[in-house]
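Open the model in your viewer and get ready to select residues. Each stop tells you what to pick and what is there.

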Amino acid sequence: MIKNIAITGGTHGNELTGVYLVKKWQNNPELIKRSNFTTITQLMNKKAIKEVRRYVDQDLNRSFSLTDLANDGLDAHEAKLAKELNELLGKKGSENPKVDFIVDLHTTTANMGLSIVVSNQSKITWRAIAYLCKMEPALKVYRWLGDIENAFVDSMAPHGFAIEVGAVPQGVLRADLFLKTEALVYHLLNYVEKENSGVDLDLDDEVEIYDHEVLVDYPRNDAGDIVAMVHQDRQDKDFTLIEKGKPLFLTLDNKTIVYEGESKYTLFVNESAYYEKGFAMTLAKKKRIKV
Ligand SMILES: [Zn+2]
């Protein structure tokens with residue numbers, strides 16, 4: 001039984017879809033009201049939202065490791081904010097968390113369409129994903145099982161994931177993608193209502209996913225500055241196969257650098273926020289997994 005779900009927006013202050021969906025629902029709470037659980041909404045990084053920037057001191061969506069949450073010596077705005085949010089929505093790892101399920105709303109400058117980024121392995125999380133894939137066949141699922149602890153916002157709750165929608169420039173609202181994100185959240189709320197009431201959901205027992213494998217950085221000089229950009233043939237090719245020998249980067253002096261690895265799918269191609277993180281795209285394997 002899921003007693004409550006949190007819809008969080010503005011984890012990144014320049015991703016306006018989530019910010020304005022939360023504002024919409026705070027003004028129209030009946031839209032997210034369902035019969036057998038409670039839905040709460042939360043604007044996450046209000047200071048960053050006001051300044052229309054991703055974060056103030058550090059990425060809030062990497063600030064929820066148990067180690068950092070327990071470290072009172074951290075001074076960054078987002079480190080302190082993470083502790084406040086964990087009191088409100090967690091606590092992470094607790095037997096009695098305030099919220100059972102977190103869906104964290106993001107946008108990306110990459111051509112990711114309507115997608116889910118998931119690190120949680122819980123059965124409820126994956127049944128929700130199976131339901132959403134059934135309702136929205138265009139939905140793609142990117143599974144990220146890192147070898148380090150999941151420090152994302154949704155890790156505060158026992159179940160959850162992030163929704164990533166693109167391509168949207170930072171600081172911009174696009175009505176088409178706003179509506180798609182909104183519809184996906186309503187499907188999720190409908191899923192929870194049906195799951196709680198014990199209806200047979202007739203879900204597929206397998207889901208197609210893109211399983212994270214590799215981060216690909218830009219070619220850089222000795223000073224660390226990038227010396228190439230994503231090749232024009234790879235731009236916007238998210239959830240698209242890349243084979244050995246295909247163009248990957250274009251150097252500033254117009255030389256093509258080709259892909260040397262085995263065939264994989266490219267995701268988050270040329271995402272603006274990842275220049276500073278040191279990756280130009282991620283590579284994933286497509287597979288079907290049991291839910
Ligand atoms: Zn984001």
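**Stop 1: Val-216**

Select Val-216: this residue is buried, with a relative accessible area of 14%. The cut-off for buried is under 20%, so Val-216 qualifies. Keep in mind that this is a predicted model. Val-216 sits in strand E7, which covers residues 206–216.

Now show what surrounds Val-216. Leaving out residues up to four places away in sequence, Val-216 touches Leu-248, Phe-249, Gly-278, Phe-279, Ala-280, Met-281 and Leu-283. Pick Leu-283 from that list. Its C-alpha atom is 7.3 Å from that of Val-216, although 67 residues separate the two along the chain.

**Stop 2: aromatic rings**

Next, turn to the rings. Two things describe a pair of aromatic rings: the distance of the centres and the angle of the planes. The whole structure holds 11 aromatic pairs. One of them is Tyr-142 with Phe-268, a tilted pair. Their centres are 6.0 Å apart, and the planes make an angle of 50°. Tyr-142 belongs to strand E5 (residues 140–143), while Phe-268 is in the loop between strand E12 (264–267) and strand E13 (281–290), so this pair ties together parts 126 residues apart in sequence.

Are Tyr-142 and Phe-268 buried or exposed? Both are buried.

Add Trp-144, Tyr-274 and Phe-279 to your selection. Ring pairs link these three with Tyr-142 and Phe-268 into a cluster.

Then select Lys-140 and Phe-239. Lys-140 lies over the face of the Phe-239 ring, 5.7 Å from the ring centre.

**Stop 3: helices against H6**

Switch to a cartoon view. Packed helices are described by the angle between their axes and the distance between the axes.

Colour helix H1 (residues 16–27) and helix H6 (residues 175–197). Their axes come within 10 Å and cross at roughly 60°. That angle makes H1 oblique to H6. The crossing is right-handed. Which residues of H1 make the contact? They are Thr-17, Tyr-20, Leu-21, Lys-24 and Trp-25. On the H6 side, look for Leu-177, Phe-178, Thr-181, Glu-182, Val-185 and Tyr-186.

Finally, colour helix H5, residues 123–135. H5 packs with H6 at an angle of about 125°, and the axes are 10 Å apart. H5 is therefore oblique to H6. H5 passes H6 in a right-handed crossing. Show the contact residues of H5, among them Ile-124, Arg-127 and Tyr-131. Their partners on H6 include Leu-184, His-187 and Tyr-191.

Key:
Residues are numbered from 1 along each chain as its sequence is written. This is a predicted model: local features need pLDDT of at least 70, side-chain atom pairs count only at pLDDT 80 or more; totals for chains, interfaces and linings use all residues. Side-chain values use heavy atoms; hydrogens and water are left out. Rings of Phe, Tyr and Trp (its six-membered ring) pair if their centres lie within 6.5 Å; planes under 30 degrees apart count as stacked, over 60 as edge-to-face and the rest as tilted. Helices (H or I, at least four residues) and strands (E, at least two) are DSSP runs, numbered from the N terminus. Buried means under 20% relative accessible area, exposed over 50%, partly exposed in between (1.4 Å probe, protein chains only). A charge sits over a ring if NZ of Lys or CZ of Arg is within 6 Å of the ring centre and within 35 degrees of the ring normal. Axes are lines fitted to C-alpha atoms, for helices over the stretch in contact, and angles run from 0 to 180 degrees between N-to-C directions. Angles under 35 degrees count as roughly parallel, over 145 as roughly antiparallel, 65 to 115 as roughly perpendicular and the rest as oblique. A crossing is left-handed if the near helix is turned anticlockwise from the far one by less than a right angle, and right-handed if clockwise. Contact means heavy atoms within 4.5 Å.
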